[in-house]
Amino acid sequence: MLKAAGTNDAMSESEHETATPNPKGKARVIIVEDDERLRSYAMGALAAAEEIEVVGDAGNLAEGLPLVERMPDLALLDLGLPDGSGISVIEAIRAKVPECRVLVFTVFEDRASVLNTLKAGADGYILKDTSAEMVLAHVRATLAGETPISARAASHLLSLVRDEPVVEASEPDAPHLSPRERELLEYLARGLSRKEAARIMGLSPYTVAEYVQGIYRKLQVKSRGEAVFEAIQAKLIRIDRE
């Protein structure tokens, strides 16, 4: 089943063999959060990491969108901004800096917020009751290619597919994923890294990487979150099986 952030078995998709976020220098992070106290809290949590540099922070959408021009490696952002939704920042990042990782840091845990955020291309979804130590851990994990998601947010993903059968083609226009591609996507959605999935499937990491690119191309997505969302919606996979 899905693995939750805040535990040792956080839901993840490992893109790298090392946990070093940015071997070329400090990872550039922007923070968009309207609550000044929480923004300072997040900045303080990241200040403990020598490999991370906060290159900009903002308290609303109007000030947050220009921060995308600073070419961040990761954005830590809230959804509920006073002048709009943090999803607009995600969309701007995906258009301008597609390689930038996005970690949502919010109080919203309702089904619609979780699903819309993942569909927009978020790489992780954690709640504001997360400790400073875990905020830093989740930022590091997200920079390393993993995808932390809170337990309560994960439950909404499970609710989409619980008791729903997997069908070969649920709709005439549904994307076609091969059995191996669906198997791989299920493993990734349930928290396994690419390396772990490769070992279980008896494939090389290079073959798994090719499968992932094929999945993204067929589903017309750019991130793991989007791929899982689209595959669940099309009933191509289920992630609540043991």
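A polar contact is a pair of N or O atoms within 3.5 Å; within protein, one must be able to donate a hydrogen and the other to accept it, and residues adjacent in sequence count only if both atoms are side-chain atoms. The structure is a predicted model, in which local features need pLDDT of at least 70, side-chain atom pairs count only at pLDDT 80 or more, and totals for chains, interfaces and linings use all residues. Residues are numbered from 1 along each chain as its sequence is written, and side-chain values use heavy atoms, with hydrogens and water left out.

**Exercise 1. Describe the surroundings of Asp 123.**

Step 1. Locate the residue: Asp 123 lies in the loop between helix H4 (111-120) and strand E7 (124-127). Helices (H or I, at least four residues) and strands (E, at least two) are DSSP runs, numbered from the N terminus.

Step 2. Check exposure: Asp 123 has a relative accessible area of 4% and is therefore buried (under 20% relative accessible area, with exposed over 50% and partly exposed in between; 1.4 Å probe, protein chains only).

Step 3. List side-chain partners: the side chain of Asp 123 makes a polar contact of 2.8 Å with that of Arg 94 and another of 3.3 Å with that of Arg 101.

Step 4. Add other neighbours: leaving out residues up to four places away in sequence, Asp 123 touches residues including Cys 100, Val 102, Thr 142 and Ser 223. Contact here means heavy atoms within 4.5 Å.

**Exercise 2. Characterise helix H5 (residues 132-143).**

Step 1. Compare spans: the twelve residues of H5 reach 17 Å from first C-alpha to last, close to the 16 Å expected at 1.5 Å a residue. The expected span is 1.5 Å times one less than the number of residues.

Step 2. Find the buried positions: among them in H5 are Val 135, Leu 136, Val 139 and Thr 142.

Step 3. Find the cover: strand E1 (27-32), helix H1 (36-47) and strand E6 (101-106) are among the elements covering the buried residues of H5.

Step 4. Look past the end: Gly 145, just after H5, takes a positive phi of about 100°.

**Exercise 3. Which element supplies the largest share of the largest nonpolar core?**

Step 1. Define the core: a set of buried Ala, Val, Leu, Ile, Met, Phe, Trp, Tyr and Cys residues joined through side-chain atoms within 4.5 Å.

Step 2. Pick out members: of its 26 residues, those touching the most other members include Leu 77, Ile 93 and Tyr 125.

Step 3. Assign the share: helix H3 (87-96) is one of the elements that supply at least two residues each, and H3 gives the largest share, four residues.
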